[in-house]
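Hi,

Here is the structure I promised to pass on. Have a look, and my notes follow below.

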Amino acid sequence: MKSVARNARLKLTEAEIREFAKDLEDVLSYFSILDKAPDTGKHDFNSVPVSNVLREDEVSREINAEMLRDSMDTYQDMVRGPKLT
Amino acid sequence: MKIGLEVHVQLPTKSKLFCSCSTSAEEPNSSICPTCLGFPGSRPSLNRRALEMGVEIARFLDCNIPEEVWFSRKTYFYPDLPKNFQITQYDSALGTDGCFIVKDKTIGIWRAHLEEDPGRIKRVGKSGEEVSLIDYNRSGIPLVEIVTAPDLSSPEEARIFLQELLVELRHIIGTTAADEQSVRVDANISMGSERVEVKNIQGLRNLEKALKFEASRQFKMLEAGMKVIRETRRYDEERKVTMSAREKETEEDYGYIGEPDLGTFSVGVLARSMSTTETPLRRAQRMAGHYALEFSKMRQIVLTSMPLADMFETLAQNVEPGIALAWTLGPISANWSSLLPRLDEQMRTDLASIITQVVNREITDSEARRRIGAIASGECPNDLSCAVEDELLGTIISAYIDEHPQVVKDYSANPKSANSVIGHVMQVAKGKYNSQEVVEAVKKEIEKRKN
Amino acid sequence: MTCLISTEKLTALNDKYRPFAEIAQDLKEMNEYPPKFHFSAKDNICATGFQARAGSKILEGYRPPFDATVVRKMREANGILIGKTNMDEFGFGTFCTNSAFGIPLNPYDLERTCGGSSGGAAAITALLDKHVALAESTGGSISCPASFCGVIGFTPTYGRVSRYGLIDYANSLDKIGLVTRSVADLKRFLPVISGPDRRDPTSCVQPELRLDGPKVKSVAIPEEALQNLDPAVLRAFETALDKLSEMGIEAHRVSMPSLGFALAAYYVLATSEASTNLARYKGMLFGVRGGKIDQSFNDYFSEVRSANFGKEAKRRVLLGTYTRMVGFRDRYYLKALAVRQLIIKEYQGLMEKDDLIITPTMPFIAPRFTEIAKMKPLEIYQADFLTVPPNLTGMPHISLPCGYEDKMPIGMQLVAPHWEERRLLDVAERWCDDFKIRFPEVSG
């Protein structure tokens, strides 16, 4: 559970870890019903076939970049982010 | 020593991989939109030209290309990644199991695939305490990632590999100098049993430097009886050293899933519809073999211009390849920037016949050079009648000097002795040539005869 | 802006029933020509002039700089967007109790849920005459609240309506649809919101939308769908089947063994996709920002996420992260993809013989909030067992009010093959010609 939480960038209290661990255990054991299902081997990502939808390589701009910048936390037009180490 | 590279090259499309933002932007955060910023509600759509370029590259590298490909989400958390997942191709590369030949050595290509570039982080602050400032102009620019087998055996070889690969890519997809400067490489290098990954090396020169440093670091450790730990490092351009990358400590589980928003793409059909053109270095290799000439000379020709290589091969039909080479790399190459814009069948024929005539001693060396120059400067229309007229000039001068050999002897002491020749020509040719031309031609002929 | 209803009236309604997360501020009640209509949008659908918070604290302050395609189309058709409706955080829920900005109360009984996750949309449609609501369904979030609130809930085929501007829950499962008071509204607005949009590639493979076609003659009832139902629901459903038979629609009992896998496959795929969709919420660029920026990025991200995601969101992110991890991915994520295809095949096979599949929409009437508080997560997920299958397969489906227990509405759900929305409209029209929908008494 701890490694799952770290992977998901969630800081959990000890109590939360216990509670979620129990929830996940319940749900995952319910999920094990999938083991009984026949495997079609078909791994389409969508429920209807979506193929060959392409966009032409043209530049277009609908929203002003300055407006987008103003909505973000910037310093000299660069977006501020947290420490890297 | 074993070196394998993961090369990331930006594709020269007009718009980004998944949105219509321009790929060229000057000011920071000026080419951005909700999609490349990952705003909630935004959605990707695939750039057709990027897909085509990716397939062209996979074909060029002799890869196996599947019938269908799709995209996947690679989830990890970093400030430069707007969605905290990168749309890439995980279990669906455009091409696998290809190869690329560098100086007669075959380097295995494991895969080539498309993915989006993250934003660019500028680190500010003291080392070890840096905060990030991010420019998202780069976010969403199409990248092709080319992964090699660990077949490279020296830092120099790695650099040459990348160099030659970039030459070929220039021809295939039109990468520019700017795209080449932004090439990024993750290199895996091992001297012994453990391999070290050096991430995010930018550019050719840094690649060789980083690998040289790392190889030397590993060598020293092994010499001292220490073990090289398997780890990820990054190259510090300023201090020219590799350093342990403390940031991405834990092995990230990327938890790949398919990207449902894009669907699948029939690249098999696309690949089969493409025609093959010969790339510069492959052509140089072929010509070197066919004409039994040095590869480096053939490379020089193709890198100047492919039509120059066409010109060379035309000449080589008519005269001995070595001579064709000399004339190609000599006067023709020297005048190439003037010749190329007006190059056509007639010009090619004219040039070829000039060389043939010089080989058959019908015209002199310097006459041939002059004619080539004349064609280049467009003084003379591209038909032989004009060249014949110029021959007349040469004939007049030669005839006179033959009759008056004293002129040549006197010339060293007194250059003015040339005036008699000049005067004669001007009179005989009745104003056909301007005085400048005549003066130069006379002087040239006298100089020649002196030697 | 002139509209058939004023901001004042809407605010009063909201004080009592809480369907809205946000109301348009400048609406003045006036009749005018040409007439405009009013509509609402679930708060995960982006619209300029409003925040889009998708029921989550982490999106507090997000003002999208663009309209979702569906909002643009409705506005171009002369509609006025009067407000954003309350929902479970990101769509995670069956009772709209996971909303950070107000839990909507059932217009028939204020102590009961509206259903979810499009609870607010269904509530306002039940309360407001001449209203149409844009809603969204991933696992049943249009059918469920429509059933609990006694209105019509229509979920088109996956890919029929552009998702550009929809804040994602699960990209292969999300569909934008409509909650309406009449079939006429459905027929009027479905063509408005449908159609290919180059900004959403999945909307570009649809055949043309047809509203008319041959009459529906028969429906199939999977036996597995009649297990574990509230007796009131079963009674209402069987009465409805009798009525349909009088209308010339035969009902056949069939078996759908793969139905038993649908819930598990759905939750695996939905949480897997959702956990990646929610990765972008890290306190940068939009929504909640301004935490201690001088801490390491992993700490910064973890802090803002943990403080601003609700419990159910965390639960689903954890679940979905797990099902994608190395060592589990094959067993859960890949298997679920394969099982989805299996269920699609089974549905398609059955609908070669019968025109539609029919089941009750929910296994019970709208529960009380006190009852919901006692339910465990898995129990709540299992309440979706009737709405999940057509959502998993992406087939169009409709929930129609078919009866009442006391005053509480009961719904029945019809499922058509991909792209065959017209079959649903045919039955809905014939049904609603006969069945009198009892709208709630609205006070205040």
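The buried residues of H10(B) are covered by, among others, helix H8 (295–304), helix H9 (306–318), helix H11 (336–339), helix H12 (345–359) and helix H13 (365–377) of chain B. Those buried residues are Ala324(B), Leu325(B), Trp327(B), Thr328(B), Pro331(B) and Ile332(B). (Buried means 20 or more other C-beta atoms within 10 Å of the residue's own, with C-beta atoms placed from the backbone; helices are DSSP runs of H or I, at least four residues, numbered from the N terminus.)

This is a predicted model, so local features need pLDDT of at least 70 and side-chain atom pairs count only at pLDDT 80 or more, while totals for chains, interfaces and linings use all residues. Residues are numbered from 1 along each chain as its sequence is written, and chains are lettered from A in the order in which they are written.

Back to H10(B): there is a bend of about 35° at Thr328(B), with Pro331(B) following within four residues. (The bend is the angle between axes fitted to the seven residues ending there and the seven starting there.)

Zooming out, an automatic or database domain assignment splits chain B into domain 1 (2–272) and domain 2 (280–450). Their C-alpha centres lie 49 Å apart.

Then there's chain C, where 55 residues are in contact with 44 residues of chain A (contact: C-beta atoms, placed from the backbone, within 7 Å). H10(C) gives the most to chain C's side, with eleven residues.

Cheers

Technical notes:
Contact = placed C-beta atoms within 7 Å. Helix = DSSP H or I, 4+ residues; strand = E, 2+ residues; numbered from the N terminus. Buried ≥ 20, exposed ≤ 12 C-beta atoms within 10 Å, placed from the backbone.
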